[in-house]
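Hi,

Here is the structure I promised to pass on. Have a look, and my notes are underneath.

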Amino acid sequence: VPMVAPGNVQVHVINSTLAKVHWDPVPLKTVRGHLQGYKVYYWKVQSLSRRSKRHVEKKILTFRGNKTFGMLPGLEPYSSYKLNVRVVNGKGEGPASPDKIFKTPEGVPSSPSFLKITNPTLDSLTLEWGLPTHPNGVLTSYILKFQPINNTHELGPLVEIRIPANESSLILKNLNYSTRYKFYFNAQTSVGSGSQITEEAVTIMDE
């Protein structure tokens with residue numbers, strides 16, 4: 001098997017899900033056989049928004065021939081990763097380069113895990129929601145938009161409310177009685193708005 005590890009491994013983080021890794025080729029005489037390529041082993045150490053340790057799954061990408069760089073797609077935003085590089089010949093892999101740590105920046109969050117609308121009265125509705133399954137960063141706020149829907153399914157004016165990120169419920173007051181409302185709800189990080197969840201609910205007709 002090859003004798004030495006690739007040197008001077010460098011990681012350039014391009015965005016929250018993509019990084020580029022560079023390395024110096026090993027001297028050909030240390031390959032001790034036919035150079036087949038380089039393997040990059042990489043794995044997520046932890047999410048930076050949640051301190052959860054779980055079973056670490058190592059991923060491997062193979063770059064054929066005498067390439068000295070490769071792209072690592074499909075990374076998770078706002079996470080800490082480690083990687084190393086090994087050279088490969090027909091017999092197997094050489095030793096790993098020292099582990100390199102890199103961090104991905106924040107991304108936009110996934111949609112809130114649920115949106116529940118309860119306690120209808122003549123002029124109010126109560127909203128409850130759950131955190132996004134993948135915050136992909138530090139949540140800065142939630143955005144709630146809602147509008148009435150009349151009997152011919154036309155949409156009325158859209159109202160927008162920004163809600164602090166540490167809230168998980170809201171009582172909407174001053175609504176019209178016996179009216180159906182459509183709600184659009186999403187979370188935000190400093191990068192932008194995540195995907196939205198939609199619901200409909202009706203205020204009651206009379207007490």
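Below is what turned up on one sheet and on the aromatic rings.

A word on the source: this is a predicted model, with local features needing pLDDT of at least 70 and side-chain atom pairs counting only at pLDDT 80 or more, while totals for chains, interfaces and linings use all residues. Residues are numbered from 1 along each chain as its sequence is written, and side-chain values use heavy atoms, with hydrogens and water left out.

First, the sheet. It is open and antiparallel, with 3 strands in the order β8-β9-β12; strands are DSSP E runs of at least two residues, numbered from the N terminus, and two of them pair if DSSP finds at least two bridges between them. At the edges sit β8 (115-118) and β12 (169-172), each paired on one side only. Between β9 (residues 125-129) and β12 there are 4 bridges, and T126 has I171 in β12 as its bridge partner.

Now the rings. The whole structure holds 9 aromatic pairs (Phe, Tyr or Trp, the last by its six-membered ring, with centres within 6.5 Å; planes under 30 degrees apart are stacked, over 60 edge-to-face, the rest tilted). W129 and F185 have centres 4.8 Å apart and planes at 50 degrees, so this pair is tilted. It links β9 to β13 (residues 180-189), with the two positions 56 residues apart in numbering. Both W129 and F185 are buried (under 20% relative accessible area, with exposed over 50% and partly exposed in between, using a 1.4 Å probe and protein chains only). Elsewhere, W23, Y38 and F63 make up one aromatic cluster.

Cheers
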